[in-house]
Amino acid sequence: MKQPLQQPSGVGESARLLGRVGASPALGIASRTVAAIVGGYALANLGAILLAALLPLERGEAVTVALLASFSIYTAVALWVFATRSAWRAWLGLLGASAVCGLLAWLLIGMAS
């Protein structure tokens, strides 16, 4: 009977650890909670910056409307994070949306200057 090949120590250890982390409900909830708090805050702020740059109002009014809208953005993001299938999808969605909002705001504000 053939013996299976033994992997050197440490090889594949991270893959096994990631598998266990993804399988733990407590770590998934903790990850989603951090994503909702930190990622939601970042996305709400980036969304407010983008909205303030896009609104055709005076600067003070645009900032006020955008900051009021950021509360709705933050709430929607927090709900969405817990509605996704996995914490990985929540993090990827937050990172993607934040990158898009940040890039668009940077381009719009750079063009206005």
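**Close-ups of a four-helix chain**

**View 1. Gly39 and the residues it touches**. Skip the neighbours within four places in sequence, and Gly39 is in contact with Val34 and Leu94; contact here means heavy atoms within 4.5 Å. Everything in these views comes from a predicted model, where local features need pLDDT of at least 70, side-chain atom pairs count only at pLDDT 80 or more, and totals for chains, interfaces and linings use all residues. Residues are numbered from 1 along each chain as its sequence is written, and side-chain values use heavy atoms, with hydrogens and water left out. Gly39 sits in helix H2. Is Gly39 buried or exposed? Gly39 is buried, because its relative accessible area is 10% (buried is under 20%, exposed is over 50%, and partly exposed lies in between, using a 1.4 Å probe and protein chains only). Look across to Val77 too: the C-alpha atoms of Gly39 and Val77 are 8.3 Å apart, though 38 residues separate the two along the chain.

**View 2. Val34, also in helix H2**. With a relative accessible area of 41%, Val34 is partly exposed. Leaving out neighbours within four places in sequence, Val34 is in contact with Gly39 and Trp91. Val34 and Ala78 are 44 residues apart along the chain, and their C-alpha atoms are separated by 10.0 Å.

**View 3. The whole chain, for orientation**. There are four helices and zero strands here, so the pattern along the sequence reads α-α-α-α. Helices (H or I, at least four residues) and strands (E, at least two) are DSSP runs, numbered from the N terminus. The chain has 113 residues, and 20% of them count as buried. Among contacts with a separation of 6 or more, 68% join residues 24 or more positions apart. The chain exposes about 8,300 Å², with carbon and sulfur atoms supplying 72% of that; accessible areas come from the Shrake-Rupley method with a 1.4 Å probe, and for residues only the protein chains shown count as cover.

**View 4. Where the model is confident**. The score to know is pLDDT, the predictor's confidence in each residue, from 0 to 100. The chain averages 87, and 79% of its residues score at least 70. Which helix has the lowest confidence? That's helix H1 (residues 13-23), at a mean of 54, while H3 has the highest, at 97. Where pLDDT is low, the predicted coordinates should not be read in detail.

**View 5. Helix H3 from end to end**. Helix H3 runs over residues 59-83, which makes 25 residues. At 1.5 Å a residue H3 should span 36 Å, and its end C-alpha atoms are 35 Å apart, which agrees. The expected span is 1.5 Å times one less than the number of residues in the helix. Buried residues of H3 are Ala62, Ala66, Ser70, Val77 and Val81. They pack against helix H2 (25-54) and helix H4 (87-112). An α-helix has 3.6 residues a turn, so residues three or four places apart point the same way.

**View 6. The loop residue Ser86**. Ser86 lies in the loop between H3 and H4. Its relative accessible area is 23%, so Ser86 is partly exposed. The C-alpha atoms of Ser86 and Ser31 are separated by 9.8 Å, with their positions 55 residues apart along the chain.

**View 7. Helix H4 and what covers it**. H4 has 26 residues and reaches 37 Å from first C-alpha to last, close to the 38 Å expected. Ala87, Ala90, Leu94, Ser98, Cys101 and Ala105 are buried in H4. What covers those buried residues includes H2 and H3.

**View 8. A nonpolar patch on the surface**. Val100, Leu103, Leu104, Trp106, Leu107 and Met111 make up the patch, with about 670 Å² of accessible area together. Patch residues have over 30% relative accessible area and no salt bridge; like charges are joined within 9 Å, and nonpolar side chains (Val, Leu, Ile, Met, Phe, Trp, Tyr) within 5 Å. A salt bridge is a side-chain nitrogen of Lys or Arg within 4 Å of a carboxyl oxygen of Asp or Glu. Take Leu107, in helix H4: Leu107 is partly exposed, with a relative accessible area of 40%. Its C-alpha atom is 9.8 Å from that of Leu50, 57 residues away along the chain.
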